[in-house]
Amino acid sequence: MTVENTMNPNLITERAAVPCTDVPAHGDALAVLQKFYAAEAAYIAAGGLGKASFDGLAACLAPEVVMYQAPGLPYGGTWRGPRGIEEFMAAMSEAWQSLDFLEQRFVLDGDVVVVMNRGRLRARATGRVLDTSVMQLITVKDGLITEIHPFYWDTIAVAEALRP
């Protein structure tokens with residue numbers, strides 16, 4: 001379902017439980033993010049570095065991409081360039097064996113996209129399941145992701161799910 005905001009005609013809210021195929025006018029950003037999230041889930045499920053191809057994720061990233069993860073997370077820090085994002089994804093896939101997106105909401109305004117993700121992750125070492133939400137502020141320019149700022153609902157719950 002797409003809802004246009006009458007206060008700001010450039011603002012579109014897109015809601016989908018799974019990636020949709022009919023992409024609206026702001027579709028370049030939405031399409032690249034849907035491709036990125038599908039590739040991310042597949043990469044983690046396959047076991048990450050050495051077991052999965054990073055090509056699907058890399059195709060969505062600008063050469064100057066940067067991701068800022070909360071420093072308190074096991075994979076916290078600043079990750080730069082496609083190689084840095086690949087290292088981040090390797091750390092994520094070491095921590096998690098699966099990532100299922102239960103709901104995603106996209107709010108697009110120019111190059112900036114706010115994504116509300118509600119997901120379920122299963123810890124690789126403990127088998128614990130975490131249902132959580134992460135809001136991401138993402139910049140997409142010329143069809144490629146240039147910046148990712150994730151904001152976790154509960155970083156303590158993430159640490160507890162991963163703690164042996």
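**Exercise 1. Determine whether Thr146 is buried or exposed, and describe its surroundings.**

Solution. Thr146 has a relative accessible area of 9%. The cut-off for a buried residue is under 20%, so Thr146 is classed as buried. This applies to a predicted model. The next step is to place the residue: Thr146 lies in strand 8. The last step is to list what surrounds Thr146. Neighbours within four places in sequence being set aside, Thr146 is in contact with Ala62, Glu64, Val65, Val66, Thr139, Val140 and Lys141.

**Exercise 2. State which parts of the protein chain have the lowest and the highest confidence.**

Solution. Begin with the chain as a whole: the mean pLDDT is 83, and 84% of the residues score at least 70. Then turn to the individual elements. Strand 1 (residues 2–4) has the lowest confidence, with a mean of 33, whereas strand 3 (residues 61–69) has the highest, at 97. Finally, consider the start of the chain. Over residues 1–25 the pLDDT stays under 50, and for this stretch the model has 43 contacts beyond four places in sequence.

**Exercise 3. Give the order of helices and strands along the protein chain.**

Solution. The secondary structure consists of 4 helices and 8 strands. Along the sequence they follow the pattern β-β-α-α-β-β-α-β-β-β-β-α. Two further values describe the chain. Of its 164 residues, 43% count as buried. Among contacts with a separation of 6 or more, 51% are between residues 24 or more positions apart.

**Exercise 4. Explain how strand 6 is paired on each side, and which of its residues form the covered face.**

Solution. Take the pairing with strand 5 (residues 96–109) to begin with. Strand 5 and strand 6 are antiparallel and share 12 bridges. Ser98, for example, has Arg122 of strand 6 as its bridge partner. The hairpin that connects these strands has 2 residues between them, and Gly110 there adopts a positive phi near 65°.

Next, take the pairing with strand 7 (residues 129–141). This pair is also antiparallel, with 11 bridges. Val112 has Thr139 of strand 7 as its bridge partner. Here the hairpin has 5 residues between the strands, and Gly127 takes a positive phi near 80°.

Lastly, sort the residues of strand 6 (residues 112–123) by face. The covered face holds Val113, Val115, Asn117, Gly119, Leu121 and Ala123. The uncovered face holds Val112, Val114, Met116, Arg118, Arg120 and Arg122.

**Exercise 5. Identify the residues that touch the most other members of the largest nonpolar core.**

Solution. This core has 43 residues, and those touching the most other members are Leu33, Tyr75, Trp96 and Ile145. The elements that each supply at least two residues are helix 1 (27–46), strand 3, helix 3 (81–95), strand 5, strand 6, strand 7, strand 8 (144–152) and helix 4 (155–162). Helix 1 gives the most, with 9 residues.

Trp96 can then be examined in detail. Residues up to four places away in sequence not being counted, Trp96 touches Ile44, Tyr75, Leu121, Arg122, Ala123, Arg124, Leu130, Val158, Ala161 and Leu162.

**Exercise 6. Find the residue whose side chain makes a polar contact with the side chain of Gln136.**

Solution. Gln136 is located in strand 7. Its relative accessible area is 11%, and therefore Gln136 counts as buried. The polar contact of its side chain is with the side chain of Asn117, at 3.1 Å. Asn117 belongs to the covered face of strand 6. Beyond four places in sequence, Gln136 touches Tyr37, Val113, Val114, Val115, Asn117, Ile148, His149 and Pro150.

**Exercise 7. Compare the settings of two loop residues, Cys60 and Asp142.**

Solution. Cys60 is in the loop between helix 2 (55–58) and strand 3. With a relative accessible area of 0%, Cys60 is buried. Its C-alpha atom is 6.0 Å from that of Ile145, although the two residues are 85 apart along the chain. Leaving out residues up to four places away in sequence, Cys60 touches Val32, Lys35, Phe36, Leu144 and Ile145.

Asp142 is in the loop between strand 7 and strand 8. At 81% relative accessibility, Asp142 counts as exposed. Asp142 has a positive phi of about 55°, yet it is not a glycine. Most residues other than glycine have a negative phi.

Note on methods
Residues are numbered from 1 along each chain as its sequence is written. Side-chain values use heavy atoms; hydrogens and water are left out. pLDDT is the predictor's confidence in each residue, from 0 to 100. Contact means heavy atoms within 4.5 Å. Buried means under 20% relative accessible area, exposed over 50%, partly exposed in between (1.4 Å probe, protein chains only). Two strands pair if DSSP finds at least two bridges between them. A nonpolar core is a set of buried Ala, Val, Leu, Ile, Met, Phe, Trp, Tyr and Cys residues joined through side-chain atoms within 4.5 Å. A polar contact is a pair of N or O atoms within 3.5 Å; within protein, one must be able to donate a hydrogen and the other to accept it, and residues adjacent in sequence count only if both atoms are side-chain atoms.
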